[in-house]
Amino acid sequence: MNSVYQINKGINQSIEFKGLKAQYIWYLGGGVVFLMILFAILYIIGVPSLICVGIIGTAGGFLVFKIYRMSNQYGEYGMMKAFAKKQIPKFINVKSREVFIKI
């Protein structure tokens, strides 16, 4: 009665797909959906299909380049930390003492 169990070594790790980490997978998916909608709008308006493909292809290449660059630059949580750091004020300016005197 020997039982063989597989060991799952990926527990509590963020997902990664072809080098994209965590939330960047969702950003890329949302960008692709946006580009598909943009292609449909351009095609319905009457823009020639080769021009539509060129515009969407260029925008798609730029999107993939930027998303991979952000993923490599910031990592899993780095972009959220960078945005949070920008929210912190550089200095606090108080023009009266009432804030410190209140009981």
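**Notes on the H1–H2 packing and three buried residues**

1. A good place to start is the helix pair: H1 passes H2 in a right-handed crossing. Please keep in mind that this is a predicted model. H1 covers residues 24-45 and H2 covers residues 49-74. The two pack at an angle of about 165°, and their axes lie 10 Å apart. Since angles over 145 degrees count as roughly antiparallel, H1 is therefore roughly antiparallel to H2.

2. What does the contact of H1 with H2 consist of, by class of residue? There are 19 nonpolar and four polar residues, and no charged ones.

3. Leu28 is worth a look from the H1 side, as this residue sits in helix H1. Its relative accessible area is 18%, so Leu28 counts as buried, the cut-off being under 20%. Setting aside residues up to four places away in sequence, Leu28 touches Leu20, Leu63, Val64 and Ile67. For Ile67, the separation along the chain is 39 residues, while the C-alpha atoms of Leu28 and Ile67 are 6.6 Å apart.

4. Turning to helix H2, this is where you will find Ser71. Is Ser71 buried or exposed? With 0% relative accessibility, Ser71 counts as buried. Apart from neighbours within four places in sequence, Ser71 is in contact with Gly19, Leu20, Lys21 and Tyr24. Leu20 is thus a contact of Ser71 and also one of the residues that Leu28 touches.

5. Gln23 deserves a point of its own. This residue lies in the loop between strand E2 (20-21) and H1. Gln23 has a relative accessibility of 15%, and because buried means under 20%, Gln23 falls in the buried class.

6. Which residues is Gln23 in contact with, once neighbours within four places in sequence are left aside? They are Glu76 and Met79. With Glu76 there is also a polar link to inspect: the side chain of Gln23 reaches the backbone oxygen of Glu76 at 3.3 Å. In sequence, Gln23 and Glu76 are 53 residues apart, and in space their C-alpha atoms are 7.5 Å apart.

7. To pull this together while you have the model open: follow H1 against H2 at about 165°, then look at Leu28 in H1 and Ser71 in H2. After that, move to the loop between E2 and H1 for Gln23, and trace its side chain to the backbone oxygen of Glu76.

Definitions and conventions:
Residues are numbered from 1 along each chain as its sequence is written. This is a predicted model: local features need pLDDT of at least 70, side-chain atom pairs count only at pLDDT 80 or more; totals for chains, interfaces and linings use all residues. Side-chain values use heavy atoms; hydrogens and water are left out. Axes are lines fitted to C-alpha atoms, for helices over the stretch in contact, and angles run from 0 to 180 degrees between N-to-C directions. Helices (H or I, at least four residues) and strands (E, at least two) are DSSP runs, numbered from the N terminus. Angles under 35 degrees count as roughly parallel, over 145 as roughly antiparallel, 65 to 115 as roughly perpendicular and the rest as oblique. A crossing is left-handed if the near helix is turned anticlockwise from the far one by less than a right angle, and right-handed if clockwise. Ala, Val, Leu, Ile, Met, Phe, Trp, Tyr, Cys and Pro count as nonpolar, Asp, Glu, Lys and Arg as charged, and the others, Gly among them, as polar. Buried means under 20% relative accessible area, exposed over 50%, partly exposed in between (1.4 Å probe, protein chains only). A polar contact is a pair of N or O atoms within 3.5 Å; within protein, one must be able to donate a hydrogen and the other to accept it, and residues adjacent in sequence count only if both atoms are side-chain atoms. Contact means heavy atoms within 4.5 Å.
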